[in-house]
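Biologist: Could you take me through this model before I plan any reading of it? I would like to begin with whichever local detail you consider a good entry point.

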Amino acid sequence: MDTLATIPSPTFDLEHSSLEDLEDLKENLQDEFIKEALESGMDLREFSQKIERQLADVENNSIEDYIKESQNIAALHGQISCCDDILKNMEQMLRTFQADLGSISHEILSLQHQSVAMNIRLKNRQAIRGELSQFIDDIVVPESMIKHILETPVTEKEFLESLQMLDHKICFVRDQAFQEARACRDVQDVLDKLRIKALAKVREYLLQRVFSFRKPMTNYQIPQNAMLKNKFFYKFLAMHSPEVAMEVCSEYVGTLSRIYYSYFKSYVSRLMKLQFEVVADKDDLMGHEDTAKRSIFSGKPSLRNRSTVFTLGDRAAVLTTDLEAPILVPHAAARTDVKYTFESLFRSMQFALMDNACREYLFITEFFVGSNPMDIFGNVMGRTLNMFQKHVETYVQDCFDSIALFLSIHLILRYQHMMQKRGIPALERYWESLLAVLWPRFEHVLQLNIQSIHDCDPQRLGSIDLRPHYITRRYAEFSAAIHEINSTQPSERVVRGLAALHAEVENCVLRMAAEFPGRKEQLVFLLNNYDMMLGVLQERTKGAEDSREAESLKELLSARTQEYVEEALAPHFGGLITFVRDGEKMVERGQMEQLRREDKKVAPIIRGFNSSWKKSIEDINQEILRSFSNFKNGTNILQVGLTQLIQYYHRFQKLLSQPPLKSNPARTELLNIHHLMVEAKKYKTSF
C-alpha cells in the first residue's frame, strides 16, 4: 500500500478534475480487476500495458473473424437493405391506409348524421300520416253509415252504431271548423242532413215508447227497459237538438206523472177498504171506562178488535219479517175477507212507493244523462207524493191508535235507512214530511192517554175488586209495546212520554186503592197491579226489564210486600210482634226495670204461639192464595211473610236472653226455630 501511495497518477489531477471525473475514478476503483491489482501491489503501468496487449489481440482476432464472415455480413447487409425497402413500402401503404381510414370515418359520421335526419323525417311523416289518416277517417262519411241512418230501423244494432259514428263525426267536424279546416266544408252539408234525419227517427221512436205507457194494463217497466237499451238516443238528442230532448223529457214526465198518480190513488183507495171497520177513536183512551159500545139499530155491542188498541201482539211483524214482504194486492185480499190494521196497509203503501221510486230514480239517472235527476224525479212523482202525504195527514188527524202511529214512524225510519244504504236520495224530503206529521200526532195521542188517566175518577169506574185493573193492564201492554218498538231505534222523546205516563198510572193506582176501606185490601190491590204491570214489562220485551218504569215497579212491589206481610202476620202473631218491638226499644233505651215488668206476658205468648203457629201459617197461606191472582207472586209474598215470622221469633228468643227475662221458666217451652224453618220450606215452590 506504501508503494501504491508513492506511485503518482500520470493522468489524474485532483485539483483540476471535475465532479464527473471524480465519479469515474470512484467507479474505476470499485472494479474487481483494479481492486485485485491494488491489493496485490502490482504496478499499474505494467498492468495497463498488459491490458492493452490483450485488447490488441482481441481486436486482431475480431478482424480476422470479420474477414472470415465478410460474405455473410455482405449478404446480411443486403437482406437488411431489402427489409428496409419492404418496411418503407409498408410504411407508405399504412400511411395511405391511414389516410383512407380517416376519409372513411368522415364518411361514416356523415352517413350517421344523414341517418338521424332521415329517421326524424320518417317519424314526422309517420306521425303526419297517422293523424292525416285519422283525420280522413273521422271526416269521411261512409256510404254504409248513410244507408243505415236513412233506411235501417232505429231498433237495429246497425242504426245505433251508425248513430254513434254520426255523433262522433259531427262533433269532430264542429271542432275542426274552429281551426278553419277546409275539408270540413265538403262534408258539412251531408252531416247536417244526416243529423236532421237521425233526430227525426230518434224523436219518433222515443215518443212512441213514451206513448206506449198510456195503454191500459201496460207494465211500464217493459218500455222503460227498451229505452234503457237505447239510452244513447236521448244523449244524441241532448247534444244536437236540446229542444227535441226537452220535448221527449216533457212527454215522459207528463205521462209517467199521470200514470203513477192514477195507479197509487186507486191502490190507496182500494187498500184502505181492507182496514178494520171499527178503529180506535177518542173513546179508546187508556183512562176511559171499559164499556162496550152499542149499535144504534141493533142495540147489541159492536164487535171490534180491541186487543190491537193497547196490545202489540204480532203487529210488530211489519218491522221485521213483513218489512220487505210482497205488497198487499187489494182484489186478492178482498176475496179472503181478511182485515188489516193501519200499519199493515201503511207498510204496503210505502213499500210499493219506495220500490217504484227507487226504480224510477235509477231510470232517470241512467237515461236522462246531463239533466238534474232530482228535478225530473220531482216532476214525475210530485203529484203522487203529495197525494200520499195528504192521505196520511187526513188519516192521522183522526187516528187515536198510538201503536199504529208509532209503528208507522218506525216503518218510515227503516225505509229511509234502506234508501240511504242504496244511495238514493229521491224520497228524503218525503220521509221527513211524513215524520213531521206522525211524530206530533203520536205525542198528542200519548198526551191524551196521560190526561185521561190523570182525569180518571175511580168512583166512575164502577165496582173495583182486588184483581189487576183493566187500566193498569192497558198501561202495561202499551208500555211494553212502545218499549219493544223503541228498543231498535231509541228516542228520548218517547222515553220521556212513557215516564210521564207511568207517573200518572202510579197516582191512578193509588187513587183506586183508596176506594177500599181496609189497609190490607188496599195493599192487595196495589200488589196485584204492580205485579201484573212488572210481569207484562218483563215478559213482553227484554229491553223493558232495565227501564226506569220496571225499576220503579220493583221498588214499589218490594215496599208494599213488606207492608202487607206485617198486616198479614198481625192477626195471628200480633202479641209476639208487639212484644218484640216494645222490648227491643226498652233494651235500646236501657229501660231494664220496665222490661222486667213485661215478664208476665212471656208465658202466654209462648204457649199461644206453640198451640197455633202451624194453623196460623196455613191460614195466612190460604188468605194469600185467595187474595193474589198470580200464584207465583202470592208464593213469593208468603215466603217473605214466613221469613219475617222466623226473624221475629228469632228476635223474641234473643230478647228473652236479656237479664230481666232470662230467669223466666217459660223459656223452656220455646219452640226450636228449626221447626219453623222446616215448616216454611214446605210452602216453597219448585219453580
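Modeller: This is a predicted model. I suggest beginning with Asp355, which has a relative accessibility of 32% and therefore counts as partly exposed.

Biologist: With which residue does Asp355 form a salt bridge?

Modeller: Its partner is Arg359, and the closest N and O atoms of the two are 3.2 Å apart. Arg359 is partly exposed as well, at a relative accessible area of 28%.

Biologist: Where do Asp355 and Arg359 lie?

Modeller: Both belong to helix H14, which covers residues 342-367. They are four residues apart, about one turn of the helix.

Biologist: How many salt bridges does the structure hold?

Modeller: It holds 22 salt bridges. One of them joins Arg203 to Glu247, with the closest N and O atoms 2.7 Å apart.

Biologist: Which parts does that pair tie together?

Modeller: Arg203 sits in helix H8 (residues 184-212) and Glu247 in helix H11 (residues 242-272), so the salt bridge ties together parts that are 44 residues apart in sequence.

Biologist: Are these two buried or exposed?

Modeller: Neither term applies: Arg203 is partly exposed at 31% relative accessibility, and Glu247 is partly exposed at 29%. Partly exposed is the class between under 20%, which is buried, and over 50%, which is exposed.

Biologist: What about Asp465 and Arg467?

Modeller: They form a salt bridge in which the closest N and O atoms are 2.6 Å apart. Asp465 is partly exposed, with a relative accessible area of 32%, whereas Arg467 is exposed, with 54%.

Biologist: Which residues are linked in a network of salt bridges?

Modeller: Arg315, Glu343 and Asp401 are linked in this way.

Biologist: A change of topic: how many cavities of 30 Å³ or more are there?

Modeller: There is one. The largest cavity has a volume of about 40 Å³.

Biologist: Which residues line it?

Modeller: The lining consists of Tyr564, Val565, Ala568, Leu569, Ile620, Ile624, Ile637, Leu638, Gly641 and Leu642. Two or more lining residues come from each of helix H21 (548-589), helix H23 (602-627) and helix H24 (631-656).

Biologist: And what is the lining like by class?

Modeller: Nine of the lining residues are nonpolar and one is polar, with no charged residues. Gly641 is in that lining, and glycine counts as polar in this scheme.

Biologist: Now the backbone. What is notable about the phi of Asp337?

Modeller: Its phi is near 55 degrees, a positive value in a residue other than glycine. Most residues other than glycine have a negative phi.

Biologist: Where is Asp337 placed, and is it buried or exposed?

Modeller: Asp337 is in the loop between helix H13 (330-336) and H14. Its relative accessible area is 65%, so Asp337 counts as exposed.

Biologist: Finally, what is the mean pLDDT of the protein?

Modeller: The mean pLDDT is 85, and 87% of the residues reach 70 or more. Over residues 1-17 the pLDDT is below 50, and this stretch has 10 contacts in the model beyond near neighbours in sequence. Residues 292-307 also have a pLDDT below 50, with 22 contacts beyond near neighbours in sequence.

Biologist: How should I treat such stretches?

Modeller: Where pLDDT is low, the predicted coordinates should not be read in detail.

Definitions and conventions:
Residues are numbered from 1 along each chain as its sequence is written. This is a predicted model: local features need pLDDT of at least 70, side-chain atom pairs count only at pLDDT 80 or more; totals for chains, interfaces and linings use all residues. Side-chain values use heavy atoms; hydrogens and water are left out. pLDDT is the predictor's confidence in each residue, from 0 to 100. Contact means heavy atoms within 4.5 Å. A salt bridge is a side-chain nitrogen of Lys or Arg within 4 Å of a carboxyl oxygen of Asp or Glu. Buried means under 20% relative accessible area, exposed over 50%, partly exposed in between (1.4 Å probe, protein chains only). On a 1 Å grid over the protein atoms alone, a cavity is a set of points where a 1.4 Å probe fits but cannot get out, and a pocket is an open set with protein on both sides within 12 Å along at least five of seven lines; lining residues have an atom within 4 Å of a point. Grid points are joined across faces, edges and corners, and a volume is the space filled by probe spheres set on the points.
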